[in-house]
Amino acid sequence: MDMKNRVRLELRNRSPAEVLELILDNCRSTDGEIEGLTNEFSELEYLSLVNVGLGSLAKVPSLPKLRKLDLSYNNLSGALEKLTEKCPNLTHLNLSGNKIQDLTHLETLQNLKNLRSLELLNCDITSVADYRDGVFQLLPQVTYLDGFDCDDNEASNSDDDDDDESEEGAELPAGYHDEDDEHKDEDDAEVGHEGWSFHTRPGHEDEENDEEEVACTQGQKRKRSEDDENNED
């Protein structure tokens, strides 16, 4: 399937402005360029274009909210200027398996001030002497290169998502039911009002009082009967 039709399929009856994530892996790009993506994808945060035959980024649209971009296993050999111009807020960029041969191809990425993670695995540049040191010196804003920091500490999942907004205190969507609250409601139902057991009906104590009153009344009637018999004698 060509890229333009794949984009149309992935919309799934949504408008482009409603799409936050778009995965177009393994589709075909005409003439090695991006097709079907427009400036209307203004809210897009994640875009994956793995193995689509890209040789140019000349037609990349303006994606101001794009944070994660996967361009791995294409035919890019440099000319990354459009990324810094059209996608200025990138934090994660995967260029693995492309034709990046030396540091000069990466110089333009200095303008991506928020870039934290860069992947260049299976690119020719990885065979260059002191490749990792060179990249970290060229791009001081980058924390992780190929999944490891400058001290060879591996990135964790929390490191990958450390720039995500905290969900704590966020307003819950309509219709949301918290399982803990449901269990709490069930427990309350079993305990009942004011600590009553599930097996004790409200008003049970009143029934016991009624029984005591009946017993008392019966006792009084028996006493009066005995007094009447004594008077007759």
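In the predicted model, the buried residues of helix 1 are Met 3, Arg 6, Val 7, Glu 10 and Leu 11. Because these residues cover an arc of only 145° around the axis, they lie on the same side of helix 1, while Arg 8 and Leu 9, on the other side of the helix, are exposed. The packing partner of the buried residues of helix 1 is strand 1, which spans residues 21–23. At the start of helix 1, the backbone nitrogen of Lys 4 has a side-chain oxygen of Asp 2 within 3.1 Å, and just after the helix, Arg 12 adopts a positive phi of about 50°.

Helix 1 belongs to a fold with six helices and six strands, whose elements follow one another from the N terminus in the order α-β-β-β-α-β-β-α-β-α-α-α. The six strands form an open sheet in the order 1-2-3-4-5-6, with parallel pairing. The edges of this sheet are occupied by strand 1 and strand 6 (144–145), each of which has a single partner strand, so that one side of each is left without a neighbour in the sheet. Strand 6 runs parallel to strand 5 (residues 117–119), to which it is joined by two bridges; Leu 118 has Leu 145 of strand 6 as its bridge partner.

Leu 118 also takes part in the largest nonpolar core, which has 44 residues and in which Leu 47, Leu 71, Leu 93, Leu 106, Leu 118 and Leu 120 have the most contacts. Two or more residues of this core are given by helix 1 (3–11) and by helix 3 (131–138), and helix 3 supplies the largest share, at four residues. The surroundings of Leu 93 illustrate the packing: when neighbours within four places in sequence are left aside, Leu 93 is in contact with Leu 69, Leu 71, Leu 83, Leu 109, Leu 115, Ser 117, Leu 118 and Glu 119. Two of these partners, Leu 71 and Leu 118, are themselves listed among the core residues with the most contacts.

A further buried site is found at Ser 72, in the loop that links strand 3 (68–70) to helix 2 (81–86). With a relative accessible area of 4%, Ser 72 falls under the 20% limit and is therefore classed as buried. The side chain of Ser 72 forms a polar contact, at 2.7 Å, with the side chain of Asp 70. Beyond the residues up to four places away in sequence, Ser 72 touches Leu 49, Val 50 and Asn 51, as well as Asn 94, Leu 95, Ser 96 and Asn 98.

Cysteines were also examined. The structure contains zero disulfides. Cys 27 counts as buried because its relative accessibility is 3%, and Cys 87 likewise counts as buried, at a relative accessibility of 0%.

Considered over the whole protein, buried residues account for 32% of the 233 residues. Among contacts with a separation of 6 or more, 50% are made by residues 24 or more positions apart.

Technical notes: Residues are numbered from 1 along each chain as its sequence is written. This is a predicted model: local features need pLDDT of at least 70, side-chain atom pairs count only at pLDDT 80 or more; totals for chains, interfaces and linings use all residues. Side-chain values use heavy atoms; hydrogens and water are left out. A nonpolar core is a set of buried Ala, Val, Leu, Ile, Met, Phe, Trp, Tyr and Cys residues joined through side-chain atoms within 4.5 Å. Buried means under 20% relative accessible area, exposed over 50%, partly exposed in between (1.4 Å probe, protein chains only). Contact means heavy atoms within 4.5 Å. The arc is that of the directions from the helix axis to the C-beta atoms. A polar contact is a pair of N or O atoms within 3.5 Å; within protein, one must be able to donate a hydrogen and the other to accept it, and residues adjacent in sequence count only if both atoms are side-chain atoms. Two strands pair if DSSP finds at least two bridges between them. A disulfide is a pair of cysteine sulfur atoms within 2.5 Å.
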